[in-house]
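This report describes selected local features of one protein model. The sequence and the structure are shown first, and the description follows.

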Amino acid sequence: MKFPFPLTPEIKFALEAVRKASQLTVAVQNEMKQFSSLQKSDQSPVTVADLAAQAIVAHLLEEKLPQDILVGEESSEMLGLVENRNTLDQVLEHVKRFFSHATLDGVCDWIDRGTAEPAYRFWTLDPVDGTKGFLRGDQYAVALAFIVNGKVEIGVLGCPNLKEAKFQDVGGVGSLVIAIRGKGCWSSILKTEHLSFLPLHVSDCREPRDAVLMRSYDRSHTNEAQLEKIKDALHLQKPPIRLDSLSKYTVLASGKADLFFRLLPMDRPDYRDYIWDQAAGDLILQEAGGKVTDLDGKALDYTAGKKLFNNRGALASNGFLHEAALKAVKEEGI
Ligand code: AMP
Ligand code: MG
């Protein structure tokens, strides 16, 4: 299927930006594998990928939609330090593969074009969501969302290590997933430019005991005791799928899993996600037929600043299981 919706300048930009940023992160990840001196504990590969990906998305936005603003996760602040000169050189080298006219100063300006505050109309970007997955050579996502008047209008996820939005496939063709408010959600191949898209739909699982739970790979990103209580309350029987990043929402949108709880860690009960940690996945799952709320059943509120200050955690489901899941959260006193 060709792209099933008129390619507005916003949609064209979003697809191109996430495709390019994802290709860049793949290149950095491949280099990580080649140079074993880049230890997994070394923060530099992810820094290079994060910063360079934000630079190219911000620069592309400047070219294609010059009036629009970008609220991204990164800033160039640390690149000004002498000890980070090597990182800056690597960022420039990667950006130049996409924009050969890039310069050292220019790249920092491009990154900082992505440090705007949320407004009536803005884009929000997590250039590498799932840092730990990225460093492990595992799942991560490039997440871009377009928000107007507090509503996510376009959500795009680049999942370089997922195939057909559902199967783990490190080093394969990758998935590019886009949702447009009120129009649907589609998946394509990340590696090639041909615009062939297939619609995504959530599962039709209606029995909690048959549901597949998605959970953060990182145990510190949830509350394990509460998660166990919820699993018991819902009588979940199938083994959960552990995955980093908004790739979880892609898998939910493709019908391969049914539930995800963003619980607040025991030691950080006031933890709040950033808007870029949810926005793209939120629309993608909803347009695939699913539902996303916070743990109290409220819609995620993108008007409160860079963080979701008005929401406690998140609950993402195929829709059918949402009420039962909310009930379990409430009854377990979570
Ligand atoms: P996940 O893939 O579910 O582990 O979540 C990944 C994203 O959420 C990253 O952007 C993390 O920085 C963020 N995140 C989730 N939970 C936490 C937490 N408890 N503390 C810090 N960051 C978190
Ligand atoms: Mg993130």
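With a relative accessibility of 48%, Glu 164 is classed as partly exposed, because this class lies between the limits of 20% for buried and 50% for exposed residues. The model is a predicted one. Glu 164 belongs to the loop that runs between β5 (162-163) and β6 (167-168). Its phi is near 50°, a positive value in a residue other than glycine.

**Backbone angles and exposure**

Ser 245 also has a positive phi, of about 80°, although it is not a glycine. This serine is placed in the loop between β11 (241-242) and α7 (247-253). Is Ser 245 buried or exposed? Ser 245 counts as buried because its relative accessible area is 11%, which is under the limit of 20%. A further positive phi, of about 105°, is taken by Gly 289, just after α8.

The table lists the positive phi values described above.

| Residue | Phi | Location |
|---|---|---|
| Glu 164 | near 50° | loop between β5 (162-163) and β6 (167-168) |
| Ser 245 | about 80° | loop between β11 (241-242) and α7 (247-253) |
| Gly 289 | about 105° | just after α8 |

**Magnesium site and helix α8**

Which residues coordinate the magnesium ion (ligand 2)? The donors are the OD atoms of Asp 126, Asp 129 and Asp 277, at 2.1 to 2.3 Å. Along the sequence, these donor residues follow the spacing D-x2-D-x147-D. Distant parts of the chain are linked by the pair Asp 129 and Asp 277, which are 148 residues apart. Asp 129 lies in strand β2 (residues 121-129), whereas Asp 277 lies in the loop between β12 (259-262) and α8 (279-287). Both of these aspartates are buried.

Helix α8, which follows the loop of Asp 277, is itself mostly covered, with seven of its nine residues buried. The buried residues are Ala 279, Ala 280, Gly 281, Asp 282, Leu 283, Ile 284 and Leu 285.

**A negative surface patch**

Other acidic residues are found on the surface. Glu 77, Asp 105, Asp 109 and Asp 112 form a patch of negative charge there. Within this group, Asp 112 is part of helix α4 (residues 104-112). Asp 112 counts as partly exposed because its relative accessibility is 32%.

Technical notes. Residues are numbered from 1 along each chain as its sequence is written. Chains are lettered from A and ligands numbered from 1 in the order in which they are written. This is a predicted model: local features need pLDDT of at least 70, side-chain atom pairs count only at pLDDT 80 or more; totals for chains, interfaces and linings use all residues. Side-chain values use heavy atoms; hydrogens and water are left out. Donors are N, O and S atoms within 2.8 Å of the metal (3.2 Å for Na, K and Ca); water is not among the atoms, so sites may look incomplete. Helices (H or I, at least four residues) and strands (E, at least two) are DSSP runs, numbered from the N terminus. Buried means under 20% relative accessible area, exposed over 50%, partly exposed in between (1.4 Å probe, protein chains only). Patches are made of residues with over 30% relative accessible area and no salt bridge: like charges are joined within 9 Å, nonpolar side chains (Val, Leu, Ile, Met, Phe, Trp, Tyr) within 5 Å. Accessible areas come from the Shrake-Rupley method with a 1.4 Å probe; for residues, only the protein chains shown count as cover. A salt bridge is a side-chain nitrogen of Lys or Arg within 4 Å of a carboxyl oxygen of Asp or Glu. Lys and Arg count as positive and Asp and Glu as negative; His and the chain ends are not counted. The place of a charge is taken as NZ of Lys, CZ of Arg, CG of Asp or CD of Glu.
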